[in-house]
Each structure stands twice: as structure tokens, then as C-alpha cells.
Amino acid sequence: MHELSIALNIIDLAQAEGRRLGAPLIIAVHVRVGPLSGVVAEALHSAFEIAREGTVLASTRLIVDHAPILVACPACAAETTARSLQQLVCSNCGGPPDSICGGDELEMVAIEIEESGEPADARGSAIRAGS
């Protein structure tokens, strides 16, 4: 279950960003996960629940945004969403792609922090955990 090591890294990144912002409380951590990343969102949620215990993120929620698989279609001359994980073809014309342009993301995109007793969104200072 490599999701546990990923959850631990997310916690480390969120804590560092919270310290940088001087945030007394991190309400939520937003991550973007693509189907080609090899990460199972449900397992990541479970691992996060375990890993956050005993940290300053003990009450922090993990919010997972699912990234689509994007393909470059030469027939349409566009970047489109693939039909599915099993059908890596253009969703517009059904043609084969030149390349896969997205869907392997695994990144922390934002944290929600509490400032002066009121929740605030720290998307402007979001950090990327990699892609």
C-alpha cells in the first residue's frame, strides 16, 4: 500500500505550507489524482486518516479531485479527454491519439486554512507535489 507513503508526504507538504503561511489550522488539503498515477483514491483517503493522527492535521480533510485522461488527437488537431481508461482514444472522433497528455497527475494543489478564526482558501499559495 504505497498510498501510506504518499499520505505521509502530503502531510509533510501541507504542514510546511501551513507554517510558511503562519496558519493556525489547516482545514483541508486538496490533491489532484489521475487514473494513470497508480494511486487508488479510496486507499489514499484511508491512509491519510491513519497518517494524520497525532499531527497538527488530525482534523484536516483530504479532498481528492479526479483528473481526466487527456490525449492528443491528430485527426481533430486537439487535446481531448480519452473515452475511458480501457479506451485510450479521442472522445470526439474515436481515433487513436499521438500521445497521452494527462491523467498521471498526483499533486497537492491547495490547502484551506483558518485565519483569525475564519476559514480561508489558500489556493493562491498552492504548492505542487509533482506531476
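The legends below describe several close-up views of one predicted protein model.

In this predicted model, local features need pLDDT of at least 70 and side-chain atom pairs count only at pLDDT 80 or more, while totals for chains, interfaces and linings use all residues. Residues are numbered from 1 along each chain as its sequence is written, and side-chain values use heavy atoms, with hydrogens and water left out.

**Figure 1. The whole protein, with two helices and seven strands.**
Helices (H or I, at least four residues) and strands (E, at least two) are DSSP runs, numbered from the N terminus. From that end, the order of the elements is α-β-α-β-β-β-β-β-β. The protein has 131 residues, and 37% of them are buried. Here buried means under 20% relative accessible area, exposed means over 50%, and partly exposed lies in between (1.4 Å probe, protein chains only). The accessible surface is about 7000 Å², and carbon and sulfur atoms hold 52% of it. Such areas come from the Shrake-Rupley method with a 1.4 Å probe, and for residues only the protein chains shown count as cover. A contact means heavy atoms within 4.5 Å. Of the contacts with a separation of 6 or more, 63% are between residues 24 or more positions apart.

**Figure 2. Helix 1, residues 3-21.**
How far apart are the end C-alpha atoms of helix 1? They are 27 Å apart, which agrees with the 27 Å expected for 19 residues at 1.5 Å a residue. The expected span is 1.5 Å times one less than the number of residues. The buried residues of helix 1 include Ile6, Ala7, Ile10, Ile11, Ala14 and Gly18. An α-helix has 3.6 residues a turn, so residues three or four places apart point the same way. Strand 1 (25-33), helix 2 (41-52) and strand 6 (106-115) are among the elements that cover the buried residues of helix 1. Just after helix 1 comes Gly22, with a positive phi of about 70 degrees.

**Figure 3. Glu17 in helix 1.**
Is Glu17 buried or exposed? Glu17 is buried, because its relative accessible area is 4%. The C-alpha atoms of Glu17 and Ile111 are 8.3 Å apart, although the two residues are 94 residues apart in sequence.

**Figure 4. The packing of helix 1 and helix 2.**
Two packed helices are described by the angle between their axes and the distance between the axes. For helix 1 and helix 2, the angle is about 55 degrees and the axes are 8 Å apart. Axes are lines fitted to C-alpha atoms, for helices over the stretch in contact, and angles run from 0 to 180 degrees between N-to-C directions. The two helices are therefore oblique to each other. Angles under 35 degrees count as roughly parallel, over 145 as roughly antiparallel, 65 to 115 as roughly perpendicular, and the rest as oblique. The crossing is right-handed; that is, the near helix is turned clockwise from the far one by less than a right angle, whereas an anticlockwise turn would be left-handed. Residues of helix 1 that meet helix 2 include Leu4, Ala7, Leu8 and Ile11. On the side of helix 2, Ala43, Leu44, Ala47 and Phe48 are among the residues that take part.

**Figure 5. Ala51 in helix 2.**
Ala51 counts as buried because its relative accessible area is 10%. Leaving out residues up to four places away in sequence, Ala51 touches Leu4, Ala7, Leu8 and Ile11. Its C-alpha atom is 8.9 Å from that of Ser5, which is 46 residues away along the chain.

**Figure 6. Arg32 in strand 1.**
At a relative accessible area of 24%, Arg32 is partly exposed. Not counting residues up to four places away in sequence, Arg32 touches seven residues by name: Asp65, Ala67, Pro68, Glu105, Leu106, Glu107 and Val109. Arg32 and Ile63 are 31 residues apart along the chain, and their C-alpha atoms are separated by 8.6 Å.

**Figure 7. Ala77 and Thr80, a loop residue and a strand residue.**
Ala77 is in the loop between strand 3 (70-73) and strand 4 (78-81). Its phi is near 55 degrees, a positive value in a residue other than glycine. Ala77 counts as exposed because its relative accessibility is 71%. Thr80, in strand 4, is buried, with a relative accessible area of 6%. Apart from neighbours within four places in sequence, Thr80 is in contact with Ile69, Leu70, Val71, Cys90, Ser91 and Asn92.
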